[in-house]
Amino acid sequence: MTVIRQTDKPVGESRRTLLRAAVAGGALATGGLTLGTVPASAAPRAVPPRPRPTTPSAALCELADGNRRWRTFHQQHPHESGAVRETLVGGQHPFAVILGCIDSRVPPELIFDQGLGDLMTVRAAGEVLDEAVLGSVAYGVLELGTPLVVVLGHQACGAVSAAVRAEETGEELPAHIQYIADRIRPAIDHSQQGQARIDSTIDRNVAMVTRRLAEEPDLAARITTGALAVVGARYELTSQRVHTLT
C-alpha cells in the first residue's frame, strides 16, 4: 500500500522536484505516449464487416462464436473503427439484449467479443427484474427489434450468495440490498445444502427471470411468431464459457 507522508523539504526544493517530474513527463510524451495516441502494437486488428444476425438462432450462434473467441484468446474486437462510430451516430441496431449481473468479471461485450452497437446490455445484481429493467429489455425488443434476449447468470454470483445466506441466518441485509435478496428468494433451492445450494439457486434464478420475461404479453407475442427468443445462460468464471440453461 502506498502511503503519502509529509516531508520537511523546503518549498523551493519541492518546486524543483515537481519541475523535474514535469520535464520527465514531457520527454515521455515526446516518445509517443501522449494521451489519445495508441501504439501500433496495441491497435485492434482490422476485421471485415460481418452481417448482423436477424433471427434468434443466428443471434445465438454469433454469441456462441464470440464466446469461443474470448475463451481461446482469439478476440477480434469487432465494430470499433472510426467508420463504425460515425455510422452509429445515426442509429443503432443491436442483435441481442443481454440481461446480466453487475459483477465486474462478467462484461457482456467482452465475454461475447462484440463491439459498438452489437449488444444492448441491461445489468442488475442477480439479474433482478424491476420495472426499469423490464422496460429496458422491452425497449430493445419492441423499439429496436432485437431478435434475442439472453438472461445471463454466472458462477459465484455474490447477489445470489447474499440472498441464500440471509435466508439461512435471518439477518437483514443493509440498505437496498435486501430488496435484491427478496427478489431472488423464490428461486432458492432448499433441496441442496452449502455451496451446492448457492450454485443451484444461480441456475434457478436465471430460469425464473427467463420465464417471467417470456410471459410478458408483448414479448410472448413475438416469441409465438418466431421473431424473438428468450434464453437463459450461465457464464463460468473458471473456464470463461457461456452455456445455455434448459
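1. In what order do the five strands form the open sheet? The order is β2-β1-β3-β4-β5, with mixed pairing; strands pair here if DSSP finds at least two bridges between them. Strands (E, at least two residues) and helices (H or I, at least four) are DSSP runs, numbered from the N terminus. At the edges are β2 (119-123) and β5 (242-245), each pairing on one side only. From one strand to the next the twist averages 30 degrees.

2. A word on the basis of these remarks: this is a predicted model, in which local features need pLDDT of at least 70 and side-chain atom pairs count only at pLDDT 80 or more, while totals for chains, interfaces and linings use all residues. Residues are numbered from 1 along each chain as its sequence is written, and side-chain values use heavy atoms, leaving out hydrogens and water.

3. β1 is a good strand to look at. Five bridges join β1 to β2 in parallel, and four bridges link β1 with β3, also in the parallel sense. Val97 stands opposite Met120 in β2 and opposite Val149 in β3, while Gly100 has Leu152 of β3 as its bridge partner.

4. Five of the five residues of β1 are buried, meaning under 20% relative accessible area with a 1.4 Å probe, protein chains only. Ala96, Ile98 and Gly100 lie on one side, Val97 and Leu99 on the other. In a regular strand the side chains alternate between the two faces of the sheet.

5. Two helices deserve a look. α2 lies across β1, β2, β3, β4 and β5, at about 35 degrees to β3. Helix α8 (residues 194-215) lies across β1, β3, β4 and β5, at about 165 degrees to β4. Axes are lines fitted to C-alpha atoms, for helices over the stretch in contact (heavy atoms within 4.5 Å), and angles run from 0 to 180 degrees between N-to-C directions.

6. The largest nonpolar core (buried Ala, Val, Leu, Ile, Met, Phe, Trp, Tyr and Cys joined through side-chain atoms within 4.5 Å) has 19 residues, and Leu63, Ile98, Phe112 and Leu152 are among those with the most contacts inside it. α2 (56-71), β1 (96-100), β3 (148-154) and β4 (229-235) each supply at least two residues of this core, and β4 gives the largest share, four. Another core, of 18 residues, lies apart from it and includes Met120 and Val151.

7. One last detail: Arg183 lies over the face of Tyr179, 4.4 Å from the ring centre. The rule asks for CZ of Arg or NZ of Lys within 6 Å of the ring centre and within 35 degrees of the ring normal.

Technical notes
Buried means under 20% relative accessible area, exposed over 50%, partly exposed in between (1.4 Å probe, protein chains only).
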